[in-house]
Amino acid sequence: MPLEGEYEPSQWDWVRDQVAEYEASGGQRANTLRDTGLPIIVVTTRGARSGKIRKLALMRVEHEGEYALVASKGGAPDHPDWYHNLKADPTALMIQDGPEPFDAVAREVEGDERAVWWERAVAAFPPYAEYQERTDRQIPVLVARRA
């Protein structure tokens, strides 16, 4: 069941524009991270405090129908807001990887499972390794699957 409620677009113009273009084109346009050519997915969550619908583009790290959601925030010292949203309600999640979004549920992975997913994430988007070097926190990895 699609997430419903008031949508609050990203404060970042490029994120807001990319999400809008991706959704409008069914994933045919704006489906890579800027000029990198690396594929993205659109992730929809519900704000843990505001209750508003939030949308963002994340790197596409898919394996056997599951997706890694890497809470890197570019190596910032704190976790991104969407991470807190999913920790508060891991079922308030939709993923769009192509024409149609689908309901998903997320769980944070740790230990050996995190190591495997982290390797996949870095293979898909090598800057993740640099982001980890920039911060003292361990960058969380959540794995999402269809609900």
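In this predicted model, Val70 is in contact with Leu58, Trp82, Trp118, Ala121, Tyr128, Ile139 and Pro140, leaving aside residues up to four places away in sequence. Val70 belongs to the largest nonpolar core, a set of 20 residues, and together with Tyr128 has the most contacts inside that core. At least two residues of this core come from each of α1, β1, β4, α3, α4 and β7. Apart from this core lies another one, of 17 residues, which includes Phe102, Ala104, Ala106 and Leu142. Such clustering has a general background: in soluble globular proteins, nonpolar side chains tend to be buried together.

**Sheet and packing helix**

The strands form an open sheet of seven members with antiparallel pairing, in the order β2-β1-β5-β6-β7-β4-β3. Because β2 and β3 stand at the edges and have a single partner strand each, one side of each is left without a neighbour in the sheet. Further in, β4 pairs with β7 in the antiparallel sense over four bridges, and Tyr67 stands opposite Ala144 in β7. Helix α3 lies across β3, β4, β6 and β7, and runs at about 85 degrees to β4.

The residue ranges of several elements in this arrangement are as follows.

| Element | Residues |
|---|---|
| Strand β2 | 53-59 |
| Strand β3 | 62-63 |
| Strand β4 | 66-70 |
| Strand β6 | 101-108 |
| Strand β7 | 141-146 |
| Helix α3 | 111-124 |

**Largest pocket**

The largest pocket encloses about 1200 Å³ of space. Its lining consists of 34 residues, and those nearest the centre of the pocket are Trp12, Leu56, Lys73, Pro80 and Trp82. Trp82 is thus one of the residues nearest the pocket centre and is also one of the residues that Val70 touches. Elements that each supply at least two residues of the lining are α1, β1, β2, α2 and α4. The largest share, six residues, is that of β2, which is also an edge strand of the sheet. Both α1 and α4 therefore appear in two settings, since each supplies at least two residues of the largest core and at least two of the pocket lining.

**Glu130**

Helix α4 also contains Glu130. Is this residue buried, partly exposed or exposed? Glu130 has a relative accessible area of 45%, so it counts as partly exposed, the class between under 20% for buried and over 50% for exposed. Glu130 and Glu108 are separated by 22 residues in sequence, and their C-alpha atoms are 21 Å apart in space.

How values were computed
Residues numbered from 1 in each chain as written. Predicted model: local features only at pLDDT ≥ 70, side-chain atom pairs only at ≥ 80, totals over all residues. Heavy atoms only, no water. Pairing = 2+ DSSP bridges. Contact = heavy atoms within 4.5 Å. Axes fitted to C-alpha atoms, helices over the stretch in contact; angles between N-to-C directions. Core = buried A, V, L, I, M, F, W, Y, C linked by side-chain atoms within 4.5 Å. Buried < 20%, exposed > 50% of the residue type's maximum accessible area, 1.4 Å probe, protein only. 1 Å grid on protein atoms, 1.4 Å probe; cavity = no way out; pocket = protein on both sides within 12 Å on 5 of 7 lines; lining within 4 Å. Points joined across faces, edges and corners; volume = space filled by probe spheres on them.
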